[in-house]
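Some labels put on a protein model rest on cut-offs. The questions below ask what stands behind each label.

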Amino acid sequence: QLQFVESGGGLVQPGGSLRLSCAASRFTLEDYAIGWFRQAPGKEHEGVACISSSDSSTYYALSVQGRFTISRDADRNLVYLQMNNLKPEDTAVYYCHAPLINAWGQGTQVTVSS
């Protein structure tokens with residue numbers, strides 16, 4: 001079965017915002033480093049953002065710095081990706097990933113188009 005459930009994707013115009021959520025039912029997200037990855041049609045799998053388990057430090061791909069924010073809500077066992085000032089090149093399926101246990105979800109589609 002899937003380890004994560006991603007949600008929050010949709011169709012937005014350029015400059016719009018979305019907040020993606022990553023939920024896990026079988027483990028505590030706070031115990032793992034969590035990354036958001038994306039894959040656009042015809043493109044390679046790309047890391048977008050990650051948050052560490054030890055001190056919650058965050059890292060971002062250059063292409064999304066200043067626009068995307070990854071965060072945790074430990075009380076709700078969720079990891080978010082706040083996506084602002086979306087661009088057409090952000091169009092992709094977005095996946096939540098825990099490298100230590102090779103956990104993935106089914107992905108959520110983000111489409112940025114006018």
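A residue is called buried under 20% relative accessible area, exposed over 50%, and partly exposed in between, with a 1.4 Å probe and protein chains only. This is a predicted model, in which local features need pLDDT of at least 70 and side-chain atom pairs count only at pLDDT 80 or more, while totals for chains, interfaces and linings use all residues. Residues are numbered from 1 along each chain as its sequence is written, and side-chain values use heavy atoms, with hydrogens and water left out.

Q: Why is Asn85 called partly exposed?
A: Asn85 has a relative accessible area of 42%. The partly exposed class lies between 20% and 50%, so Asn85 is partly exposed.

Q: Where is Asn85 found, and what is its phi?
A: Asn85 is in the loop between β8 (78-83) and β9. Its phi is positive, about 50 degrees, although Asn85 is not a glycine.

Q: Why is Ser56 called partly exposed?
A: The relative accessible area of Ser56 is 38%. With the class set between 20% and 50%, Ser56 is therefore partly exposed. Ser56 lies in the loop between β5 (46-51) and β6 (58-60), and its phi is near 60 degrees, a positive value in a residue other than glycine.

Q: What makes strand β9 mostly covered?
A: Strands are DSSP runs (E, at least two residues; helices are H or I, at least four), numbered from the N terminus. β9 spans residues 92-98, and 6 of its 7 residues are buried.

Q: How do you know that β4 and β9 pair?
A: Two strands pair if DSSP finds at least two bridges between them. β4 (residues 34-39) and β9 have 5 bridges, in the antiparallel sense, so the definition is met. Gln39 stands opposite Val93 in β9.

Q: Which strand is joined to β9 by 3 bridges, and which by 2?
A: β11 (residues 108-112) has 3 bridges to β9 and runs antiparallel to it; there Val93 stands opposite Gln109. β10 (residues 103-104) has 2 bridges to β9, also antiparallel, and Ala98 has Ala103 as its bridge partner. β9 and β10 form a hairpin with 4 residues between them, and Asn102 in the turn has a positive phi of about 50 degrees.

Q: What makes a set of residues a nonpolar core?
A: The members are buried Ala, Val, Leu, Ile, Met, Phe, Trp, Tyr and Cys residues joined through side-chain atoms within 4.5 Å. The largest such core here has 30 residues, and those with the most contacts inside it are Phe4, Ile34, Trp36, Leu81 and Tyr94. Elements giving two or more residues to this core include β4, β8, β9 and β11.
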